[in-house]
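Take a first walk through this fold. Start with the strands, then turn to a helix.

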Amino acid sequence: MTKRDTTWRTVILTIFPEMFPGPLGLSLAGQGLRDGAWSLETVDIREFATDKHRSVDDAPFGGGPGMVMRPDVVDAAIREAKAKAPDLPLVYLSPRGKKLDQSRVRQLADGPGVCLLCGRFEGLDERVLDAHDIEEISIGDFVLSGGEPAAITLLDACVRLQDGVMGKADSLSEESFEGGLLEYPHYTRPQDWQGRVVPDVLTSGHHENIRAWRMAQAESITRERRPDLWAGYAGEQTRENV
Ligand code: SAH
């Protein structure tokens, strides 16, 4: 593939720049990075430390365990990132953020790119969040040791939506969450594996029946496993039918 005119741009603020691109340097995302479908720059927060120990953290006011990232150091790193890429939305990966979902992934993927701030220790001094226009995003209700794996997760989800990264656009539109449902089950050869046979309809060649079967499967899996998604989907169907 040739160099492209639109590159989805990412700037990552981290104290571990060597963690990037990490797994995103491999497979389709890695190929996309080399082709210019997306780009990656890191800003090493530690370079903005001012003392001789290059500290980025300090003890919390009020006491308690752990260390907190200093607002002056993080602010200087944010300013550097904003100077590099003023048009990118700034996101702090944080367990207190709004939970990431496919619709937010789509919005970010459709924009110019994203600037991601990765926390470490107990997180950031609150004042640096107040001072900048920062959206907080969580990747789920659990606690990681740092924002970097969360950033890689968010980037993976956005990068695979960039033009030319995944082969077929079709395979994206039928996936889990795209129509408000989880995906139907998949089967491949052998047709009979240890006595487990692929559902007949899939080998019937009858496209309309296959489509209807997959839809029914997607609906029943969603209803069973994700009542929250199902409620949204069922509500949507009712509204469409009135
Ligand atoms: N003391 C914090 C947790 C800090 S974990 C709290 O209880 O809320 C250290 C860093 O890991 C955070 O600053 C954040 O950048 C990242 N992180 C941890 N869990 C995350 C999650 N679920 N989603 C996104 N980032 C997360």
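**Strands side by side**

Strand β1 (residues 8–14) and strand β2 (residues 38–44) pair in the parallel sense, over 7 bridges. Here strands are DSSP runs of E with at least two residues, helices are DSSP runs of H or I with at least four residues, and both are numbered from the N terminus. Two strands pair if DSSP finds at least two bridges between them. T14 stands opposite D44 of β2.

This is a predicted model: local features need pLDDT of at least 70, side-chain atom pairs count only at pLDDT 80 or more, and totals for chains, interfaces and linings use all residues. Residues are numbered from 1 along each chain as its sequence is written, and side-chain values use heavy atoms, with hydrogens and water left out.

Helix α1 (residues 27–35) joins β1 and β2 in a right-handed β-α-β unit. Right-handed means that, with the strands pointing away from the viewer, the path from the first strand over the helix to the second runs clockwise.

β1 also runs parallel to β6, with 5 bridges between them. L13 faces L117 there. β1 is mostly covered, with 6 of its 7 residues buried. Buried means under 20% relative accessible area (1.4 Å probe, protein chains only).

β6 (residues 113–118) pairs in parallel with β5 (residues 90–99) over 4 bridges. L93 has C118 as its bridge partner. β5 pairs in parallel with β7 (residues 135–138) too, over 5 bridges. In that pair, K99 stands opposite S138.

Now the helix. α5 (residues 147–159) has 13 residues, so at 1.5 Å a residue (times one less than the number of residues) it should span 18 Å, and its end C-alpha atoms are 18 Å apart, which agrees. Of its 13 residues, 10 are buried, among them I152, L154 and L155.

Technical notes
Buried means under 20% relative accessible area, exposed over 50%, partly exposed in between (1.4 Å probe, protein chains only).
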